[in-house]
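Here is a short, friendly report to read beside the sequence and the 3D view. Please keep both open as you go.

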Amino acid sequence: MAFIIYLVAGAAAGLLGGMGMGGGTVLIPVLTIFLGVNQHAAQATNVIAFLPMAAFALAEHRKKGYLRTDGVLSIIIPALVSAVAFSIVAAFLDASLLRRMFGAFLIALAVRGIMSLAEEIRSERKSRRG
C-alpha cells in the first residue's frame, strides 16, 4: 500500500513541478503525514526530486527561447549561498519547528495565490466594463 502512495505522490509532485508550481507542496506533506517520514528526510527527498525536474525544465525553456541569461550570475550566486546556508540551518532545527515553518510557508503561498486570483478576477471584470 505504501508503494502506491509513494507512486501517486511522486506523480503528483512531478506533474506540479513540471507545471512550475512546486512539487514539494504535495510531496513533503504526503511523505510526512501519510508515510511518517521525518521532516528533514522529506525535505531532502524533495530537493533530490527537484533537481532532475529543474534540469529538464531549464533545457525545455532554453530550447523554446524562454531563457534569458542576462544578469543570471547576480541571481545564481546569492541563491546558491542562501540555499547552502539555510540547508545547514534547517539540519539543526527541531523537526516540529521545521514542520511548522513549512506549514506557514504553505499557508502564505495559498494566501498569495488567492490574492493573485482575486486581483485577476477584478482586472477581468474591470476590462469587461470599460
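Glu119 lies in helix 5 of this predicted model. With a relative accessible area of 42%, Glu119 is partly exposed, because buried is kept for values under 20% and exposed for values over 50%. Which residue does the side chain of Glu119 meet in a salt bridge? The partner is Arg122, at 3.1 Å from N to O. Both residues belong to helix 5, which covers residues 95–129, and they sit 3 residues apart, about one turn of the helix. For a view across the fold, compare Glu119 with Leu58: the two are 61 residues apart along the chain, and their C-alpha atoms are separated by 29 Å.

**Charged pairs**

Side chains of opposite charge can pair when their charged atoms come close. How many salt bridges does a search of the whole structure find? The search finds 4, and the table lists three of them, including the Glu119 pair.

| Salt bridge | Closest N to O distance |
|---|---|
| Asp70 and Arg68 | 3.2 Å |
| Glu119 and Arg122 | 3.1 Å |
| Arg128 and Glu124 | 2.6 Å |

Helix 5 also holds the pair of Arg128 and Glu124, which are 4 residues apart, again about one turn of the helix. The two ends of this pair fall in separate accessibility classes: Arg128 is exposed, with a relative accessible area of 65%, while Glu124 counts as partly exposed at 40%. Are Asp70 and Arg68 buried or exposed? Both of these residues are exposed.

Taken over the protein, there are 12 positive and 6 negative side chains. The centres of these two sets lie 3 Å apart.

**Helix 2 and its contacts with helix 3**

Helix 2 runs over residues 24–34, and its buried residues are Gly24, Leu27, Ile28, Pro29, Val30, Leu31 and Thr32. Just after helix 2 comes Gly36, which takes a positive phi of about 70°.

Several of those buried residues turn up again as contacts of helix 3. Take Gln39, which has its place in helix 3, residues 39–63. Is Gln39 buried or exposed? Gln39 has a relative accessible area of 2%, so this residue is well under the 20% limit and counts as buried. Leaving out residues up to four places away in sequence, Gln39 touches Ile28 and Thr32, and also Ala95, Leu98, Arg99 and Phe102. Ile28 and Thr32 are among the buried residues of helix 2, whereas the other four contacts have numbers that fall within helix 5, residues 95–129.

Asn46 also lies in helix 3. At a relative accessible area of 17%, Asn46 is buried, because this value is under 20%. Which residues are in contact with Asn46, leaving aside its neighbours within four places in sequence? They are Gly23, Gly24, Leu27 and Ile28. Ile28 is thus named in the contacts of Gln39 and in those of Asn46.

Further along helix 3 comes Ala54. Ala54 has a relative accessible area of 26% and is partly exposed. Ala54 and Gly17 are 37 residues apart in sequence, yet their C-alpha atoms are 8.1 Å apart in space.

**The whole chain**

Stepping back, what elements does the protein have? There are 5 helices and 0 strands, and from the N terminus on the order reads α-α-α-α-α.

The C-alpha trace spans about 55 × 35 × 30 Å along its principal axes. The radius of gyration is 18 Å, where a compact globule of 130 residues would have one near 14 Å. Buried residues make up 15% of the 130 residues; Gln39 and Asn46 are two examples.

The protein exposes about 9,900 Å², and carbon and sulfur atoms supply 71% of this area. As for contacts between residues at least 6 apart in sequence, 49% of them join residues at least 24 apart.

Terms used. Residues are numbered from 1 along each chain as its sequence is written. This is a predicted model: local features need pLDDT of at least 70, side-chain atom pairs count only at pLDDT 80 or more; totals for chains, interfaces and linings use all residues. Side-chain values use heavy atoms; hydrogens and water are left out. Helices (H or I, at least four residues) and strands (E, at least two) are DSSP runs, numbered from the N terminus. The radius of gyration is taken over C-alpha atoms; the globule rule is 2.2 Å times the number of residues to the power 0.38. Buried means under 20% relative accessible area, exposed over 50%, partly exposed in between (1.4 Å probe, protein chains only). Contact means heavy atoms within 4.5 Å. Accessible areas come from the Shrake-Rupley method with a 1.4 Å probe; for residues, only the protein chains shown count as cover. Lys and Arg count as positive and Asp and Glu as negative; His and the chain ends are not counted. The place of a charge is taken as NZ of Lys, CZ of Arg, CG of Asp or CD of Glu.
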